[in-house]
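Reader: I'm new to this. Can you walk me through it in short answers?

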Amino acid sequence: MKFVRWLADIDRRILFLLIAVAVVVPLIFPLGMRVKVTTQAQNIYDQVESLPAGSRILVSFDYDPAAAPEVHPMALAFLRHCFAKKHKVIIMALWPQGAQLAVSAMAEISREFDIVYGRDYVNLGYKPGGDIVIKSLGSSFPKVFPTDMAGEPTANLPVMARVRNLKDIDLVMDLSAGDPGIPAWVRVANALYQRKIAGGCTAVSAPQFFPYLQTGQLIGLLGGLRGAAEYETIIGYAGKASRRMDAQSIAHLVIILFIIFANVSYFILRRQRAEKGEGPKAGPSASA
Amino acid sequence: MDGLTLFGTWLAAILTLCILSFLYKDNPFYKFAEYLFVGVSAGFWIAYNFHNLLVPNLVVPLFGADGALPKLVEEGQLDLRLLTVIAGLLGITMLFRFFPKVAWVSRYGIAFSVGLGAGLAFVVYLQANCIYQIWGTVRLSPVVITESATGWTFDWGASLANTLLIIGVVSALVYFYFSKEHKGVLGATARLGIWFLMVSFGAAFGYTVMARISLLIGRMEFLIDDWIKGTLTTLGLL
């Protein structure tokens, strides 16, 4: 019974320490746990595979450094797949720091593929306005983005040669950490212009986008670090997300164990107090 | 890793540890990092918005590269660049909120942006978040029969999923129907709706835990790879 009491009154800092250990150890000594691929991730992969080489894929970097640990690995995995299939990638951002994160992603990707800026990809930079920007892209790309991020006129870039408006885009991939993000692309690019939208988002926001999958408004969804690890698994690339999933899984295991411990100790102590006549509602004074 | 990057990495690592120290208890190191973050963020966003919003959308279209104001009418045509003046004036009206006697002027700018947003969003919100979702539910059949090589088969999984979805949507909607007391069939359906809502909240909470652990992993990875391993590599010890 002493153990149950200790468990109920455990200092929360011990839990923090255990979570830290559960995260750090698998990062130093990777376990190589397998990630099961969901239909949502597979659908995005299949869509990219089904497009003929040279198709125009718009990737919108709608996240900031705070969401980067989750969303950036999926950006890297998706871009790797696009360039492996010889697609043309048009990058833009509805979040101010998204364009700079795209620069960082492309710096890494361009070392692995024989790609040329302006011919195979372009970074159009950040444009404020959310829904209004997407709606304007439905009319004209050059009017919204007369120049790329570096100030080069987009008319001079071969990758933009036959891109007049959203209808010339074969697939939109939105990497989102909020709004403007997936909701904006779905309600404008999909609802008004019937474009195929794929999404990658933080785990916090993933549940609210599942209804879009059921109706087909989203063709697929990568949710959080797990979504990124799934995409890395499909393309056969052991990237950061796959490595981080070991730590994620062990940390989840610790959390689940302590949820079970807390509930078991709560019910044991409640019954004990009820037997002593202290009232069934009295619970442990657990700080955890 | 060059000297400047190493310095930046150490600074980021020390500030990360300062923030994480709050997990032990509130302390001056945490407070220092917190205030520094708030101050740097405010300064960063002011500078960022000036250079990325005001300059490219107001200053450059209005004055151009040569810094000259556009003429009101050029070759018999109204210079459309002057429209940015209206946008600029509407933006300035919002600053009137700082002066109580003329704070009412700010309503023009706010009214314009709210009206524009509402007008633009109304149709697309209705279509994407309401009509599509209703259509997504009413088209579901609780009985799904699929064709296979051996003939027609009853798809148990899909049928159960569709049935649960229909029951879940209807019962959750009933829970939010307050025009009649929740008794009898209505009460039972509403209670079922609570169960569906609780399951969905649980799933959302699970995803939230996953997200927070991911952020912790990101920081820990930075401390291990960039800070410790990066420093040891730069010093030639690894």
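**Two chains, step by step**

Author: Start with A:Lys86. It is partly exposed, because 14 other C-beta atoms lie within 10 Å (buried takes 20 or more, exposed 12 or fewer, partly exposed is in between, with C-beta atoms placed from the backbone).

Reader: What is the phi of A:Lys86?

Author: Near 65 degrees. That is a positive value in a residue other than glycine.

Reader: And where is A:Lys86 found?

Author: In a loop of chain A, between α4 (68-84) and β2 (88-93). Helices (H or I, at least four residues) and strands (E, at least two) are DSSP runs, numbered from the N terminus.

Reader: Hang on, what kind of model is this, and how are things numbered?

Author: It is a predicted model, where local features need pLDDT of at least 70, side-chain atom pairs count only at pLDDT 80 or more, and totals for chains, interfaces and linings use all residues. Residues count from 1 along each chain as its sequence is written, while chains are lettered from A and ligands numbered from 1 in the order written.

Reader: Good. What about A:Gln194, buried or exposed?

Author: A:Gln194 is exposed, because 9 other C-beta atoms lie within 10 Å. Its phi is positive too, about 50 degrees, although it is not a glycine. Look for A:Gln194 in the loop between α8 and β5 (197-201) of chain A.

Reader: Which residues does the cis peptide bond join?

Author: A:Asp179 and A:Pro180. Omega is about 5 degrees there. A:Pro180 has its place in the loop between β4 (171-176) and α8 (182-190) of chain A.

Reader: Zoom out. How many helices and strands in chain A?

Author: Chain A has 11 helices and 6 strands. Its C-alpha trace spans about 80 × 40 × 30 Å along its principal axes. Of its 288 residues, 46% count as buried.

Reader: And how many in chain B?

Author: Chain B has 6 helices and 4 strands. Along the sequence they read α-α-β-β-α-α-β-β-α-α.

Reader: Is chain B spread out or compact?

Author: Chain B is more spread out than a compact globule, because its radius of gyration is 29 Å, well over the 18 Å from the globule rule for 238 residues. The radius is taken over C-alpha atoms, and the rule is 2.2 Å times the number of residues to the power 0.38. The C-alpha trace of chain B spans about 75 × 75 × 50 Å along its principal axes. Of its 238 residues, 5% count as buried.

Reader: What about contacts inside each chain?

Author: Take pairs at least 6 apart in sequence. In chain A, 72% of those contacts join residues at least 24 apart. In chain B, residues 24 or more positions apart account for 25% of them. Two residues are in contact if their C-beta atoms, placed from the backbone, lie within 7 Å.

Reader: New topic. How many residues does the contact take from each chain?

Author: It takes 37 residues from chain A and 32 residues from chain B. On the chain B side, α2 (28-63), α4 (106-138) and α6 (184-234) are the elements that give two or more residues.

Reader: Which of them gives the largest share?

Author: α6(B), with 16 residues.

Reader: What does α2(A) meet in α6(B)?

Author: On the chain A side the residues are A:Val23, A:Val24, A:Leu27 and A:Ile28. They meet B:Leu216, B:Ile217, B:Met220, B:Glu221 and B:Ile224.
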